[in-house]
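User: I am new to this structure. Please show it to me, and then I will ask how its terms are earned.

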Amino acid sequence: MPADLKALGKFFADWQEGMQGANAWDALFWDNHDQPRALSRFGDDGKFRDKSAKLLAGMIHLMRGTPYIYQGDEIGMTNTHFHDITRYRDVESKNYYEILQERGLSGEEAITVIDERSRDNGRTPMQWTADVNAGFTTGTPWIEVVDNFDRINAASQMEDENSIFAFYKELISLRKSHKIISDGTISFDRNMPEGIISYTREYEGKTLKVWGNMTENEIQAECKDGVDRGDILIANYDDAPYTKDDTVVLRPYE
C-alpha cells in the first residue's frame, strides 16, 4: 500500500500531544533492525533522496522527546532493493517469499513485497566508504552491502557541508543550543492539507514552527502567523520557501 500520510500525521500528533499531556516522554525514531528504511518507505530514495532524508530527520529531531539515529540514517542509506531471494538472509523473508507464491503471487510479485517489507532492509552493513564491502570488512559479510554503496557512504559526506550527515549534525547542535527544541511544548496543526505535517513548539515566550511536505508534489499550506515574519532555523533547500500573505508553498519533501 502507498503510505497513508494523513494517518502518519495523526499518529505523530496523538503520540506527541498524548505523551505531553501525561507528562511522559517520547523516544523519537524512524528506523531499527526490524524495519525497512523509512527513507524508502516515506521518502524518495531516488531523485529526492537527499531532500527526503533531511526532511525525515528534521521532522522528528525538532519534536518533543529524545531522538535516536539508526545506523545509516545519517547518510541516507536505502532499502536493499535485492531482486533475488538468494541475497536475503532473514528467515522470515525467505519463508514469506514461499508463502506469497503459495497464495498465488508470481516470484516477481513476491520479491517486490519482500523488497518493501524485509527486515534485512535495516540490517545491511554500514556503508563507510566506496571500497570493497563498503569498507565494512575485508572478509565476507554475513549479508551483502547495498549496491549503491559506491555513491552512498560516510566518507563522501564527512566533509560536505551540504550533505545529509551535515544536516544531522546541525539538528543535534540546534537541540543542544535551543531549549525550545529540547524543553518546549508541542501542538499540531491538524488542518493542514494531506501530505503536510506541521507543529508548533513553545518555550518561555518563543515560538518555533515546523512544516514538512511529505510528498513529491508542491503543496500550499496556510500559516496564519506568517512564515516570513521569523528567522528560518533550518531547512533542506538552499533558498527560503515562497510565501504570500498567510500561505507558504512547500516544494517536494521540503
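The questions below set values against definitions.

Analyst: This is a predicted model, in which local features need pLDDT of at least 70, side-chain atom pairs count only at pLDDT 80 or more, and totals for chains, interfaces and linings use all residues. Residues are numbered from 1 along each chain as its sequence is written, and side-chain values use heavy atoms, with hydrogens and water left out.

User: Why is Ala27 called partly exposed?

Analyst: Buried means under 20% relative accessible area, exposed means over 50%, and partly exposed is in between (1.4 Å probe, protein chains only). Ala27 has a relative accessible area of 44%. That value lies in between, so Ala27 is partly exposed.

User: Where does Ala27 lie, and what is Ala27 in contact with?

Analyst: Ala27 lies in strand 1. Helices (H or I, at least four residues) and strands (E, at least two) are DSSP runs, numbered from the N terminus. Leaving aside neighbours within four places in sequence, Ala27 is in contact with Thr66 and Tyr68. Contact means heavy atoms within 4.5 Å.

User: What makes the span of helix 6 close to the expected one?

Analyst: The expected span is 1.5 Å times one less than the number of residues. Helix 6 (residues 164-177) has 14 residues. From first C-alpha to last, helix 6 reaches 20 Å, and 20 Å is expected.

User: Which residues of helix 6 are buried, and what covers them?

Analyst: The buried ones are Ile164, Phe165, Ala166, Phe167, Tyr168, Leu171, Leu174 and Arg175. Their cover includes strand 1, helix 3 (49-61), strand 2 (66-67) and helix 7 (179-183).

User: How do you know that the side chains of strand 3 alternate?

Analyst: In a regular strand the side chains alternate between the two faces of the sheet. In strand 3 (residues 185-188), Ile186 and Phe188 point to one face and are buried. Thr185 and Ser187 point to the other face and are not buried.

User: Why are strand 3 and strand 4 called paired?

Analyst: Two strands pair if DSSP finds at least two bridges between them. Four bridges join strand 3 to strand 4 (residues 196-203). The strands therefore pair, and they run antiparallel. In strand 4, Thr200 is the bridge partner of Ser187.

User: What makes a space a cavity or a pocket?

Analyst: A 1 Å grid is laid over the protein atoms alone. A cavity is a set of points where a 1.4 Å probe fits but cannot get out. A pocket is an open set with protein on both sides within 12 Å along at least five of seven lines. Lining residues have an atom within 4 Å of a point. Grid points are joined across faces, edges and corners, and a volume is the space filled by probe spheres set on the points.

User: How many cavities are there, and what volumes do they have?

Analyst: The structure holds two cavities of 30 Å³ or more. The largest has about 80 Å³. The second largest has about 40 Å³. Helix 3 gives the most to the lining of the second largest cavity, with three residues.

User: How is the lining of the second largest pocket classed?

Analyst: Ala, Val, Leu, Ile, Met, Phe, Trp, Tyr, Cys and Pro count as nonpolar, Asp, Glu, Lys and Arg as charged, and the others, Gly among them, as polar. The second largest pocket has a volume of about 480 Å³. Of its 25 lining residues, the closest to its centre are Leu8, Phe11, Phe12, Phe29 and Trp30. The lining divides into 16 nonpolar, three polar and six charged residues. Helix 1 gives the most, with six residues.
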